[in-house]
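What enclosed space does this protein hold, and which residues line it? The report below takes the cavities in turn.

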Amino acid sequence: MQTNGIRERLIDVGGHSIRAVEAGEGPLVLMIHGFPGLAWSWRHQMAPLAAAGWRAVAIDCLGYGGSDRPLDPALYAADRVQDYLLAVLDFYGVDTAVIVGQDFGAQYAWNLAVRAPDRVSALVTTIPYDYDLAGRALLGSAERLSADDPTPPIMAFTDRLPTERFAVMAADHFVHFHYFQTVGPADRELGEALGDYLQRSFYALSGTGDLWAWKTIPSEGSGYLDALPDAPPLPWPWLSEEEFAGFVTGYDHSDMMRRMIGGLNSYRTADINWTIGREWADADVTVPTLFIYGSKDPSLAFFPDWEERMRARVPGLRDIVVIEGAGHMVQQEQPAAFNAALLAFLETAR
């Protein structure tokens, strides 16, 4: 299918279908979204990339949008996701591609650059290396705690499984990382309030939101909507009602338990991904890399000294670009600034 220069495909990635949208011709740029997100999250990047001589491809990750939505969390583990992404590259017949990732998509992009560097010509991400639910915060594989030490309330660390750390954090206040681990409650809560949840989540993650309000909410008896502040009515400066409707339509599904399954299962793979990641915990990133982030991205507060650690562990780092006023949805909140940085970097990666 082709509409306004955007072509749509379903790609078999080994028993599951991944929906891809593409525009332009030339070297491949593969864009991977996070949660909450879709291929639609890259709508502002498609035409500029195509106009600059690139083949822009954005996918709905497994569990999202027009891709298959299996329920089994094991199908969302890091090794499986890597297989899906490599299958997408194989479908397009390319040996290498530029990989661009945001949120969970950045986690997948970093991992691909470390675990299959021969397939990544250049890398662009919006969250730091090794700062994912399976991460060790760039501290490597060496353990830092003895068996008798208490589990620290730290999001990314070298010791203790992520879910153990999430549980310690949740003893003090609501933590969605912990809440999402149990199959059922979050699936129903968010699935029943699809539009409300997406609107609140987008705003909380933006440069003007308050994601950290959940630290004031107790875990006992609370759901995620109790922890997410209300969002102002649309439109916002960076999101129109029509654009937002594209997300709601993309997430909707006749089976309520599958509406949010891609994102929720990404959280539920935290322990297995952390275990898989041990093999690469001391690996540095050598492919040419651009890091773009919003100055008001609330997620960076999990890891305050990320820049010093990342500069030491990413010898391929070409530049760090901060976009003032933007939050976690940086490529949507400030698309002109994001695209300028992206296209300038890509000119060096041809």
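## Cavities in the predicted model

The largest cavity has a volume of about 350 Å³. The model is predicted. Its lining counts 22 residues, and D103, F177, Y267, S299 and H328 are the closest to the cavity centre. Three elements give two or more residues to this lining: α3 (104–115), α5 (176–179) and α7 (194–205). Of these, α7 gives the most, with three residues. By class, the lining of the largest cavity holds 15 nonpolar, five polar and two charged residues.

The search covered the whole structure and found four cavities of 30 Å³ or more. The second largest has a volume of about 140 Å³. It is lined by 14 residues. Nearest the centre of this second cavity lie N111, R115, D130, G277 and W280. Here α3 gives the most to the lining, with three residues. The class split of this lining is five nonpolar, four polar and five charged residues.

The two cavities are set side by side below.

| Cavity | Volume | Lining by class |
|---|---|---|
| Largest cavity | about 350 Å³ | 15 nonpolar, five polar, two charged residues |
| Second largest cavity | about 140 Å³ | five nonpolar, four polar, five charged residues |

Which element gives the most to each lining? For the largest cavity the element is α7. For the second largest cavity the element is α3. The helix α3 is also among the elements that give two or more residues to the lining of the largest cavity.

Technical notes. Residues are numbered from 1 along each chain as its sequence is written. This is a predicted model: local features need pLDDT of at least 70, side-chain atom pairs count only at pLDDT 80 or more; totals for chains, interfaces and linings use all residues. Side-chain values use heavy atoms; hydrogens and water are left out. On a 1 Å grid over the protein atoms alone, a cavity is a set of points where a 1.4 Å probe fits but cannot get out, and a pocket is an open set with protein on both sides within 12 Å along at least five of seven lines; lining residues have an atom within 4 Å of a point. Grid points are joined across faces, edges and corners, and a volume is the space filled by probe spheres set on the points. Helices (H or I, at least four residues) and strands (E, at least two) are DSSP runs, numbered from the N terminus. Ala, Val, Leu, Ile, Met, Phe, Trp, Tyr, Cys and Pro count as nonpolar, Asp, Glu, Lys and Arg as charged, and the others, Gly among them, as polar.
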